[in-house]
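Colleague: Got a minute? I'd like a quick tour of this structure.
Modeller: Sure, have a look at it here.

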Amino acid sequence: MTPPQQFSALKGVQDIFPPDVHLWQKVESLSREVFSLYGFEEIRLPIIEPTGLFVRSIGETSDIVEKEMYTFPDKAGRSITLRPEGTAPVVRAYIEHHLYNLPSPQKFFYSGPMFRYERPQKGRFRQFYQIGVEAFGAVSPLLDAELLSMLKILLERLGMKDLNFEINSVGCGNCRPAYRTALRDFFSAKLGSLCPDCQRRYEANPLRILDCKVDRCIELRAGAPFITDFLCSECKDHFEKVLSALRRLNIPYTLNPNMVRGLDYYTRTAFEVTSEHLGSQKAVAAGGRYDRLVEEFGGPPTPGMGFALGMERLTELLRETGEIVGPFPDVYIAPLGERAIMEGFLMAERLRARGFLVESGYDGSSLRSQLRKANRITARFVIILGEDELSSGRAKWKNLGDGSQGDVEIRKVEEFLASASPGKPR
Ligand code: HAM
C-alpha cells in the first residue's frame, strides 16, 4: 500500500468554512439585496480569459500585468490568464453579446474569485474574492454619486463603521499629456534612484510610478504634481458635480489627489474606501470610471463605471465587530433508545419539510450529552423522545433560551413549534 500523503492549500489561498462562511453569505445576500434596489443584475463570467484582455485594459506597465498574473499556455498553446479582476471580463462580455443594444444604462454585478500572484500578507491573498458592479452607458456625474451612495448603504447595512471614502479625478486623454510631462520633469532628477520598473515606467507611463509599492519610490514621489491641477475643463466640471452630489447626499469624503489606482483603464472619478482597522492593506472597496474602455475593445463609445469590494477584507472587519450570525437550529430532537431514534428521525424530516431547521441525534448517546450538544449548537428548542414519551404519545420540550419546559402531543409538535416561533415555518 502506498503511504498516505498529506496536502496543504497553496500559499496565499484559503479555505472558507463555518462559522466564517456565514459572514461571507451575509455579505453576499445583503449585496444582492442592495444592488437590486439600484437595478443591478447578476452576470456570471468565466474565470479564465485570453491574456491580452488584461494586458490591454489594466495596462502593460501596471504591477498586475508586469508581475502578478497567473498566465499559462493551454494545451493548444493559447495564452490563458486566471482573471486578476472583473471589470475587463464584464466589458468583454458586454461587447461580445452586443449588450449595448439594450436600453442604457446597463447595470451588472458579479462575485467570485480573482487571482494575483502577490506577496501574501494580512488582507492580501493570491486567490481572493470580489463582489463588483459595473454600469454602462451613463455619462452623468450623478451615476458616480449614485454608485458611491449604493456602496455606502451596503457597508452601513453590514454594520461597518469608521470608513473613509477617498476620491480623486484621474482626468482623461486630454488632461494626461500635460500631466505626464509634469511628472517626467519632477522625476527626471531622481530617475537613477527609482526602482528598475519605475525607470522603465518613467518613459512608458510615468503615472504608474505613483502606484509603485517599493518603499524608495514611495519616498521619492513626495511632492509630485497632482493630476487635479491638470484637469481639462470637462473633467473639472464632472468632478465638481460628483463632489457636489456627494455633499447633497451627506456622504463625507476625503480628496486624495495622490490616488491614481493600479489599473490603467480609469478616467475621471477614482475612489477607494479605506479602514484604519485593516493594517497596511486598508482598501476594502475601490473603483472608478472607465469611459474609454468599451470603445478601446471595439464596442461603441460607451462610458462605464464600477467598483469592487474585497471579501476577505470586508469579512475581516465584520469579524472584528464580533457579531455572531446564524444559522441556528430551531429545534434539536433528542431521542433515547432504538425506537425513539427512528421516531425522532421521521419527526425531523416532517419538521424540515415544514421549513424548520432541525438537528437530530441518532447515535444513541445519553440525554445529558445530547442536551450539551443542543446548547453548543444554540438550538432554540429541544424535543425529548424516550420510551415513556412514545407510549404516552406526549414528547417533552425545553426552550433553551428562557429555560421553560413542558410536554406536547407528538403529532402536534409542528403546530407547537410554529406557534412558539414567530415567522416559522418559513
Ligand atoms: P482593485 O483596487 O484592484 O480594483 O481591487 C478592488 C478590491 O479588491 C480592493 O480594494 C481590495 O479590497 C480587493 N483586493 C485586491 N487585491 C487583493 C488581494 N490580493 N487580496 C485581497 N483582496 C484584494 C479592481 O479590481 C477593479 N476591477 C475595481 C473596479 C470595478 N473598478 C471599476 N469597476
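Modeller: One definition before we start. An angle between two elements is taken between their N-to-C directions, and it runs from 0 to 180 degrees. Also, keep in mind that this is a predicted model.

Colleague: Okay. So at what angle does helix H2 run to S2?
Modeller: At about 70°. Helix H2 covers residues 51–58 and lies across S2, S3 and S4.

Colleague: In what order do S2, S3 and S4 sit in their sheet?
Modeller: The order is S2-S4-S3. That makes an open sheet of 3 strands, with antiparallel pairing.

Colleague: Why is one side of S2 left without a neighbour?
Modeller: Because strand S2 (48–50) stands at an edge of the sheet and has a single partner strand. The other edge is strand S3 (70–73), which also has a single partner.

Colleague: What about the twist?
Modeller: It averages 35° from one strand to the next.

Colleague: How many bridges join S2 to S4?
Modeller: There are 3, and the two strands run antiparallel. Strand S4 is residues 79–82. For a concrete pair, look at Pro 50, which stands opposite Ile 80 in S4.

Colleague: And what holds paired strands together in general?
Modeller: Strands of a sheet pair through backbone hydrogen bonds, either parallel or antiparallel.

Colleague: Now the other sheet. How many strands does it have?
Modeller: It has 8, and it is open too. Read across, the order is S1-S5-S6-S11-S10-S9-S7-S8. The pairing is mixed.

Colleague: Which strands are at the edges there?
Modeller: Strand S1 (41–42) and strand S8 (254–255). Each of them pairs on one side only.

Colleague: Which helix packs on that sheet?
Modeller: Helix H1, residues 20–37, is one that does. H1 touches S1, strand S5 (106–115), strand S6 (127–136) and S11. Its direction makes about 0° with that of S6.

Colleague: In what sense do S10 and S11 pair?
Modeller: Antiparallel, over 5 bridges. Strand S10 is residues 283–289, and strand S11 is residues 304–310. Within that pair, Gly 288 has Gly 306 in S11 as its bridge partner.

Colleague: Let's switch to the ligand. Which strand gives the most to the shell around it?
Modeller: S10, with 6 residues. S6, S10 and S11 each supply at least two.

Colleague: Which residues come nearest?
Modeller: Glu 85, Glu 118, Glu 134, Tyr 266 and Ala 283, out of 26 around the ligand. By class, the shell has 12 nonpolar, 7 polar and 7 charged residues.

Colleague: What is 2.6 Å from the side chain of Tyr 266?
Modeller: A nitrogen atom of the ligand, counting to an N or O atom of that side chain. The side chain of Gln 130 has an N or O atom 3.0 Å from an oxygen atom of the ligand. Phe 307 uses its backbone: an N or O atom there lies 3.3 Å from a ligand nitrogen.

Colleague: How much of the ligand does the protein bury?
Modeller: The protein buries 96% of the 650 Å² that the ligand exposes when taken alone.

Colleague: Last topic, the backbone. Where are there cis peptide bonds?
Modeller: One joins Pro 18 and Pro 19, with omega about 5°. Pro 19 is in the segment before H1. Another joins Ser 104 and Pro 105, with omega about -10°. Pro 105 sits in the loop between helix H4 (87–96) and S5.

Colleague: And is phi of Asn 250 positive or negative?
Modeller: Positive, near 55°, and this residue is not a glycine. Look for Asn 250 in the loop between helix H9 (233–248) and S8.

Note on methods:
Residues numbered from 1 in each chain as written. Predicted model: local features only at pLDDT ≥ 70, side-chain atom pairs only at ≥ 80, totals over all residues. Heavy atoms only, no water. Pairing = 2+ DSSP bridges. Helix = DSSP H or I, 4+ residues; strand = E, 2+ residues; numbered from the N terminus. Contact = heavy atoms within 4.5 Å. Near = heavy atom within 4 Å. Polar contact = N/O pair within 3.5 Å; in protein donor to acceptor, adjacent residues only side chain to side chain. Areas by Shrake-Rupley, 256 points an atom, 1.4 Å probe, with all protein chains shown as cover. Nonpolar A, V, L, I, M, F, W, Y, C, P; charged D, E, K, R; others polar.
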